[in-house]
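Subject: Structure handover, salt bridges

Hello,

Here is the structure for you to look over. My notes on its charged side chains follow below.

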Amino acid sequence: MLIHGLLSVSLLVSGAPAGASQAKIDCARVKCLALTFDDGPGKTTPALLDLLKKERVKATFFLVGNKVEERPAIARRTAREGHAIGNHTYSHPSLPTLFDDDVLDELGATQEAIEKATGRAPSMFRPPYGHTDDRVLHLASQHDLAQVMWTGTTLDWDLRDARKIKAAVLRLAKRDGVILMHDTVPATVKAMPGIVKELKKRGYHLVTVPALLRGKKPEPGASYPS
């Protein structure tokens, strides 16, 4: 069960199974799943956004600050098309290895970069490599950030094979799940049409992480899913 037992969600245009209308989705009654992508924006991100737009699917992107500065237009498009955006630090370090001020700088610089590109600072962050601890969580709260982890990771950066990545997603898919992928891995983008088609066939409604929280802002310093 995801996030303190909050199972229902209402949202528009969230990526429902084929044939479903763009109506409000109640995740207490239907199967919801959040696809999340780390490390962008990158060269392959636009192709992924094209696919998500075509399929009317919403996802969550955890962006790296220095890459946002390199490709602000892609970050802006991601937000404009209704996807959720989170902070993935400025230079992708292992946060627990850093001094407090450096952790704050990594998160703060990324908040600024994303806000400059999209007009809005994120309320979520994901620690690189999944490396985190209570100190990191406390420091993140100073930037009003909640931590978002995952229920399953595809290890797509290692697989780098579209068929294997698709199989991993389908194996990890479960109700109220949060699946970790990378939009910077070309094989992941290649695998996405088949992934989306099969997930819809299995009855999943593909929503953002905030949607799994019923649209409520994640609590700063908290970690999800619980």
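Which residue does the side chain of Arg-202 meet in a salt bridge? The partner is Glu-198, with 3.0 Å from N to O. Please keep in mind that this is a predicted model. Arg-202 counts as partly exposed, because its relative accessibility is 39% and that class runs between 20% and 50%.

That pair came out of a search of the whole structure, which finds 7 salt bridges. Two others are described here.

One joins Asp-38 to Arg-126 through their side chains, at 2.9 Å from N to O. Asp-38 belongs to strand β1, residues 31–40, whereas Arg-126 sits in the loop between β4 (124–125) and α5 (134–141), so this salt bridge ties together parts that are 88 residues apart in sequence. Both residues, Asp-38 and Arg-126, are buried.

The other is formed by the side chains of Arg-77 and Glu-81, with an N to O distance of 2.7 Å. Are these two buried or exposed? Glu-81 has a relative accessible area of 15% and is buried. Arg-77 is at 16% relative accessibility, so Arg-77 counts as buried too; the cut-off for buried is under 20%.

Arg-77 and Glu-81 also belong to a wider arrangement: together with Asp-50 they are linked in a network of salt bridges.

As general background, side chains of opposite charge can pair when their charged atoms come close.

Regards

Definitions and conventions: Residues numbered from 1 in each chain as written. Predicted model: local features only at pLDDT ≥ 70, side-chain atom pairs only at ≥ 80, totals over all residues. Heavy atoms only, no water. Salt bridge = Lys/Arg side-chain N within 4 Å of Asp/Glu carboxyl O. Helix = DSSP H or I, 4+ residues; strand = E, 2+ residues; numbered from the N terminus. Buried < 20%, exposed > 50% of the residue type's maximum accessible area, 1.4 Å probe, protein only.
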